[in-house]
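Me: Please give me a close look at the open space in this model and at what surrounds it. I should like one connected account, with the cut-offs stated as they arise.

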Amino acid sequence: MSSTVQDELAALRGIEQLEEIKDLAGRRVAPLTRPKSNLHVHLPPNFSAFETVEQVVKLAAEQQIGVLGVSNYYDYEIYAEYSALCRKNKIFPVFGLEIIGLSDQLCRQGVKVNDPGNPGKYYMVGKGITRFSPMSAEAQRLVGVIRRNDSQRMAQMTALIAQIFESRGLPLDVNEDSVKDMVMQRHRCPRQNVYLQERHIAQAFQEALFERVPSDQRGAALAKVLGLPPSNNGSVDKVKVQGDIRSHLMKAGKPAFVEESFIQIENAYRLILEMGGIPAYPTLADGTKPICGYEDPVEQLIERLSASRIYCAELIPIRNQPAMLSHYVKSMRRAGLVVTAGTEHNTLDMLALDPACVNAQEIPEDVKEIFWEGTCVIVAHQFLCLHGKCGFVDAAGRPNPEYKSDEQRISAFRELGAAVLARYYQS
């Protein structure tokens, strides 16, 4: 019988006795070599480069990833399979989530947070979540609101895009049900676990276009639908075609755009705490040009995060030049923030799982060390919370009160996380 989410959480809780791990941490027992880590990937049926959970775990094992963190939107049943496969391959599984929220104040002020196209739109991630099965009543309520709002919007956008294709001479048999069918077939998952994203819809129309139109005519056909000059690579580059459909039909001000209905960012923060996680801020930095006003300069961003009681930040280095990545990461760490890194893998591009900067440039070694520290902190938080103890932050988002300073707390959690990983790899 396959394991359940509860089985997997119990297995991780039982790595070793809590006091033994604390003793190892006190003796600074750590893995013999620093494992590669990636704390942000999306698993199917989220839109993902991967077709199955087995595929991502197999690639992680082949690429010697020792800690792998997942940050899915809105459904977490897949975490049981993910955890079981990670344990089988001696990869430590870190559970997370991603939420899109809205700050009314920043929206009114026209401030772009970490979405370069929409003022006030605010991505937030939760690291080291442990109470996602079963969820608390409040978590269930908030997730239910998110799912309903998002599902209604995706259905409306799918219908609008279908109308646009048909009105411009290219009728395609694509609707909400057929998009869900595509996701189910690609990822071999039940329908109830499928929550559509914009990328799913764009992929469905791209695939229908490629099936209906010969390769040498695709650029012209797509240009007619989008109202653009024919693209030189529109006939062959499916990822670019999907991006064009999103950019020219689905974004704000475009003909298939449907107003988004987000929860307030305060509720996104609350949801992460309800699920036992650490609220963390995903930082774009020079991943967009110009840098979003909320994030520039980094000193202002740090002040804003502190005022919002956010003590962890995350970057996706593939967006960043090494110098800018280093500037943001070191500034955040000096200010007492924990910093982590990941790859997302939320397009069809199959990147390496070991994070790297733009154009595969190496991450500076001192920045890698900060990311490794962040990995250990998240591992320790997840481990303690699984044992019913206070983690890096408490249930109200406050720093763990056992420690007198940020540095003392980060250092202690680093040592504990390293000890958890050392024991996990030996077990």
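Reply: The lining of the largest pocket comprises 49 residues, and Y123, R199, R246, K251 and N346 are those nearest its centre. A pocket here is an open set of points on a 1 Å grid over the protein atoms alone, with protein on both sides within 12 Å along at least five of seven lines; a cavity is a set of points where a 1.4 Å probe fits but cannot get out, and lining residues have an atom within 4 Å of a point. The model is a predicted one, in which local features need pLDDT of at least 70 and side-chain atom pairs count only at pLDDT 80 or more, while totals for chains, interfaces and linings use all residues. Residues are numbered from 1 along each chain as its sequence is written, and side-chain values use heavy atoms, with hydrogens and water left out.

The space in the largest pocket amounts to about 1,300 Å³, a volume being the space filled by probe spheres set on grid points that are joined across faces, edges and corners. At least two lining residues come from each of β3 (92–102), β4 (121–127), α6 (137–167), α8 (198–212) and α10 (238–250). Of these elements, α6 contributes the most, with five residues. Helices (H or I, at least four residues) and strands (E, at least two) are DSSP runs numbered from the N terminus. By class, the lining holds 20 nonpolar, 15 polar and 14 charged residues; Ala, Val, Leu, Ile, Met, Phe, Trp, Tyr, Cys and Pro count as nonpolar, Asp, Glu, Lys and Arg as charged, and the others, Gly among them, as polar.

The second largest pocket has about 320 Å³ of space. Its lining is made up of 13 residues, with V174, A204, E207, A208 and E211 nearest the centre. Two or more of the lining residues come from each of α7 (176–187) and α8. The class count for this second lining is five nonpolar, two polar and six charged. Helix α8 thus serves both linings, supplying at least two residues to that of the largest pocket and two or more to that of the second largest.

Enclosed space is represented by one cavity of 30 Å³ or more. The largest cavity holds about 30 Å³, and P45, N46, N72, D75, I78 and N193 line it. These divide into two nonpolar, three polar and one charged. One of the lining residues, P45, follows a cis peptide bond from P44, with omega about 15 degrees. P45 belongs to the loop between β1 (36–41) and α3 (53–62).

Strand β4 and helix α6, which both contribute to the largest pocket, are connected by a loop that contains P134. The peptide bond between S133 and P134 is also cis, with omega near 0 degrees. T130 is in this loop as well. T130 is buried because its relative accessibility is 8%, where buried means under 20% relative accessible area, exposed over 50% and partly exposed in between (1.4 Å probe, protein chains only). Beyond its neighbours within four places in sequence, T130 contacts L9, M275, G276, Q382, C385 and L386, contact meaning heavy atoms within 4.5 Å.

G276, one of those contacts, comes just after α11 and has a positive phi of about 85 degrees. Helix α11 (residues 265–274) is largely enclosed by the rest of the structure, because seven of its ten residues are buried. The buried residues are I265, A268, Y269, L271, I272, L273 and E274. Their cover includes β3, β4 and α6, together with β5 (263–264) and β6 (278–283).

Two further loop residues have unusual backbone angles, for most residues other than glycine have a negative phi. H345, which is not a glycine, has a positive phi of about 55 degrees and lies in the loop between β8 (338–341) and α14. With a relative accessible area of 2%, H345 is buried. Q64, likewise not a glycine, has a positive phi of about 60 degrees and lies in the loop between α3 and β2 (65–72). Q64, by contrast, is exposed, at 60% relative accessibility.
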